[in-house]
Every structure is written in C-alpha cells, then in structure tokens.
Amino acid sequence: MAEKRPFDILNAALNNSVIVGMKGGYEIRGTMVAFDVHMNIVLEKAEQLVDGQVKKGLGTVLLRGDSVIYISPAFSP
Amino acid sequence: MAEKRPFDILNAALNNSVIVGMKGGYEIRGTMVAFDVHMNIVLEKAEQLVDGQVKKGLGTVLLRGDSVIYISPAFSP
Amino acid sequence: MAEKRPFDILNAALNNSVIVGMKGGYEIRGTMVAFDVHMNIVLEKAEQLVDGQVKKGLGTVLLRGDSVIYISPAFSP
Amino acid sequence: MAEKRPFDILNAALNNSVIVGMKGGYEIRGTMVAFDVHMNIVLEKAEQLVDGQVKKGLGTVLLRGDSVIYISPAFSP
Amino acid sequence: MAEKRPFDILNAALNNSVIVGMKGGYEIRGTMVAFDVHMNIVLEKAEQLVDGQVKKGLGTVLLRGDSVIYISPAFSP
Amino acid sequence: MAEKRPFDILNAALNNSVIVGMKGGYEIRGTMVAFDVHMNIVLEKAEQLVDGQVKKGLGTVLLRGDSVIYISPAFSP
Amino acid sequence: MAEKRPFDILNAALNNSVIVGMKGGYEIRGTMVAFDVHMNIVLEKAEQLVDGQVKKGLGTVLLRGDSVIYISPAFSP
C-alpha cells in the first residue's frame, strides 16, 4: 500500500461528484470532469455550498489548483 | 474522457462571457478574448459584480493569473 | 540520529491515524493512506475537528500539501 | 482571435492611462510608460484612488508585478 | 565567524528542546529530532503554547518548513 | 519608448529620495543606495511614515523585495 | 556607488546589533551572527519588541528569510 499516491484518488473520482474546499472559504460541489498535475480542476453542474447548503449554481467551473485546500469524493467509502 | 484537460474549457469559452472569481473577493464578468498558461486573462466589456449585481463597468481588463480563484463560463450547460 | 529525516515519520504513520493542521484553521483527523514529496496527503475516514471535537465526517479526502501546517500521528509515543 | 495574448493589451496601452488594482486594496491610475514579463509596471503622473476619487498624487511609481491583481486601460472600448 | 551559517544552530539544537513560531500564530515547543533544508522539522513530546503556557500536548509532530517563522533553542546561551 | 524598462527608474533614483510601500502597510522614505533584481532595497536616513507623517527614524534599512508593493521617487516629475 | 549591493549591509552588520521586522508583526532585536542568501538570519541575545519596548527574551533564534520584511542595523549612521 506504500505505493498508493495522492493523485490516485483524483483518477478514481473522475466523472463522479466531489466537494472542493478553496482558499477564501469557498466550498464547491460538482462532477469532476478534468484535472491536471497542478490540481487545476474542472467541475460540471457545480454548486457553491455554505454550511453544507447549496448557495448558488455555478454550472461549469475551472478551479485554480493554487487555491485548492482539499478535494473529497462526495460519496467516499 | 480521461484526456480532458482543465484548459480545454478556457479554449471553449474564448470570445464568450465568463465570470472570474479573484483573491480579495473580486467577482468580474466579461467576454474572455485572451488567456495564457499562467491563467492571465483578458476580459472585454468587463463589469465588477457584488452579490451578483453589477457594481461598476471596467471596460477591458487584464486579470493576473496568480490572483484567479475560479473561472466559470456564464452560460454553461 | 542526525540522519533521521522529516519524511520518516510520514512513512512510519502510513495506514495509521494522524491529525493534520491546515491553513485557514482546519484540523482534520483520519487514516493516512498516501502522501507524496509535496506533502499532499490522502486521509480515509476523515473527520473535521473543532476544538478537538468532531464537527463533521469527510470520508476520503485529498489535502493539498501547500496548505498543510503540521502533521501529527494521533497516538505518538 | 485565438492567438491574442494577455500582454497584447499592455503593449496597446503603453503611454496611455491605465488603472491598476493592487493587493492590499490599492487602486492606482497613471500613464503606463514601462512594463516587463513579471508585470512590473511604471506609471507616471500616478494617483491613488479610493472609491474612484483621487486620494493623493504619487508622481512616478514602480508597481511590483507580484502585487498586481488587475490592469485596465482607463478608456477602453 | 563570517562562515557561520544559519543551519548550524539547527544542527547544534538536534535532540534538544526548541520553540518554533509558525504562521497563524502557533507556538510549539518540543525536542527536535529531525529537520531538512526546507526547514521541515520533527518535534517529539511537542506542546502547543499560548502566551508561554502549555495549551495541549501534540506528541510527535512534523512542522512544514513553509509555515515556520522562527526557531529558537529553548535554553540558549 | 517601448524599450523603457521598469528597473530604469530604480537606476535613475539611485542616491535619491524614494518612498517604498511594503506589505503589511509599512510606508518608508529614505535615500536609496542599493537594489538588486529581486527588488531588495537599501535605504539610508530612512523614516517610517504613517499617513504621510514621520512616525520614527530607522537609519539604514534593508527592505526585502518580496515584501515591496511599490517604489516611488519622492520628487518625481 | 552603483555597484553597492543590498547584502553588503548584512556583511557590514555581522556581529552587531540589528532590528528585524517579520511578517505577522514581530519585531526582533539581537546580535546577528549568521545569514545566508535566503535572508535566513541567526540572532543571539534576541529580544522581541512591542512598540519599541522589550516584551520578552528569546536567546538565540533562527529567523526564516521568507518571513523577513526588513533588517536594520540598530545603530546606523
């Protein structure tokens, strides 16, 4: 299990729902359709969450990796 | 779909309306006419938004990639 | 003992419980199943802590190394 | 139009009036007489603006690119 | 004495008690058992201090160099 | 005029009075006697300004380029 | 005088008293016994100052260059 790598969970989560925590306190949920080594991420059907509730719809959104704090598959085991 | 890349949505959004979230809480909407690998972005007919309302017109504006948090096509599927 | 290196404690903590302090005041506890040289970290059964109490479950989460402040094995000697 | 690049608007704005937004909330207007690839910028007849009003004159000023958030030609189409 | 280098005091402090000031206002005291060129530091028997008083025990902790502000041997001459 | 470069105004201001704006809100005035490509700057007879008034004398001071926001010759045309 | 360089004043100040301003508002005075190209600095007999008054003694302390804002010889001409 020592060979497991952080980006493995991004590959596994591709085309599934994730929640992304961003600098500045943004929390965004959507379907992750693309990412790169800088952790730039594209979500579709994205929604901004405040205290776990949907605040507003964002449609498709590109999140800059530099501002990402965490990424969590929405339905993880 | 695994080959999809984050910058693809910038190419697709070229010459269309986008909303850009910036560090410091700025939210700016305009027509994206140029971008580069650093996510430096040029918007035309740009407007600063506060709570989704237009606060003031900015005309043409160059946004420094380093300060970008997210980019969202204004009318995404 | 001079040859001991900081990443040794990450290797030793693999598959065990750790607490990670993040920029922005997040404190997250979970089982560390992966990390890399950038201190990107994957936790399973992760929980966000506030003042040492569980605030909410996060399931699996990828923490961006750039936002990590400290990592502490939960049951250290 | 895909070949348009962000720095093109800096070339076009050379020797014309621009408004520069800086980290820390500074907004500065002046005639841009020089810039480089780091977005270091020199303004002449520069003035600091607060809420769109002139707060004080700065004369010639070198703005460090690292602190630039946006650059907008003052009279853009 | 001009050849003295900053990392010399880390070598001298190895296996001794140090106090580390971190971004975000954390102050942590413990026995430094490892460090690297990025100033990543491992403390054992670590304690978080608030106003010089022990707030809580942390056991073993890896501090990310990027967040370190200062390191002071606890009993310096 | 397109060949004018930002560092030209630093060369021109050498041994003259400048005002330097720093991150954290510091404003410092003094005679610039040295600088390098990182915008590290040495001022002599330096004074910290608050709202344009002298708060205290600093004598000779080295300002770290990384913290510089702007540099303005004190008596610019 | 154009060949004067910022690090010259650090060489000149070696083994003398300096005041160092740090991010986060720390101001520290002590005898500078070592520094490197990253502006990592070691002070001996260091004291933390608040409003110019000694708040507490720190003994020997390594200051991380990344957090340094300015360095001023305590008794400059």
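What rotation superposes chain E on chain C? A turn of 51 degrees does the job, with 0.0 Å of shift along the axis and an RMSD of 0.0 Å. Keep in mind while browsing these views that the model is predicted.

**View 1. Chain E laid on chain C, and chain A laid on chain C.** Two copies of a chain are related by a rotation about an axis and a shift along it. For chain E and chain C, that rotation is 51 degrees. The two copies put different surfaces to use, as 9% of the contact residues of chain E recur in chain C. Chain A goes onto chain C with a turn of 52 degrees and a shift of 0.0 Å along the axis, again at an RMSD of 0.0 Å. Here, too, the copies use different surfaces, with 9% of the contact residues of chain A recurring in chain C.

**View 2. The place where chain A meets chain C.** Each partner brings its share to this contact: 22 residues come from chain A and 22 residues from chain C. The size of an interface is often given as the accessible area lost when the parts come together. Between chain A and chain C, about 1,800 Å² gets buried, and carbon and sulfur atoms give 59% of that. On the side of chain A, look for Pro6(A), Ile69(A) and Tyr70(A), which lose the most area to chain C and together make up 33% of what that side buries.

**View 3. Salt bridges and polar contacts between chain A and chain C.** There are 3 salt bridges across this interface. One of them links the side chains of Glu27(A) and Lys56(C), at 3.4 Å from N to O. The interface also has 8 residue pairs in polar contact. Elements giving two or more residues to chain A's side are α1 (8–13) and β5 (68–73) of chain A. Of these, β5(A) gives the most, with 6 residues. Sorted by class, the side of chain A that touches chain C has 13 nonpolar, 4 polar and 5 charged residues.

**View 4. Strand β5(A) beside strand β4 of chain C.** Zoom in on β5(A) and you'll find 2 bridges joining it to β4 of chain C, residues 53–63. The two strands run antiparallel. For one of the partners, pick out Ile71(A), whose bridge partner in β4(C) is Leu62(C).

**View 5. Chains that stay apart.** Not every pair of chains makes contact. Chain B and chain C do not touch, and their nearest C-alpha atoms sit 14 Å apart. Chain A and chain G don't touch either, with 19 Å between their nearest C-alpha atoms.

Key:
Residues are numbered from 1 along each chain as its sequence is written. Chains are lettered from A and ligands numbered from 1 in the order in which they are written. This is a predicted model: local features need pLDDT of at least 70, side-chain atom pairs count only at pLDDT 80 or more; totals for chains, interfaces and linings use all residues. Side-chain values use heavy atoms; hydrogens and water are left out. Contact means heavy atoms within 4.5 Å. Buried area is the accessible area (1.4 Å probe) that two parts lose on being put together, summed over both. A salt bridge is a side-chain nitrogen of Lys or Arg within 4 Å of a carboxyl oxygen of Asp or Glu. A polar contact is a pair of N or O atoms within 3.5 Å; within protein, one must be able to donate a hydrogen and the other to accept it, and residues adjacent in sequence count only if both atoms are side-chain atoms. Helices (H or I, at least four residues) and strands (E, at least two) are DSSP runs, numbered from the N terminus. Ala, Val, Leu, Ile, Met, Phe, Trp, Tyr, Cys and Pro count as nonpolar, Asp, Glu, Lys and Arg as charged, and the others, Gly among them, as polar. Two strands pair if DSSP finds at least two bridges between them. Copies are superposed by least squares on the C-alpha atoms of residues with pLDDT of at least 70 in both.
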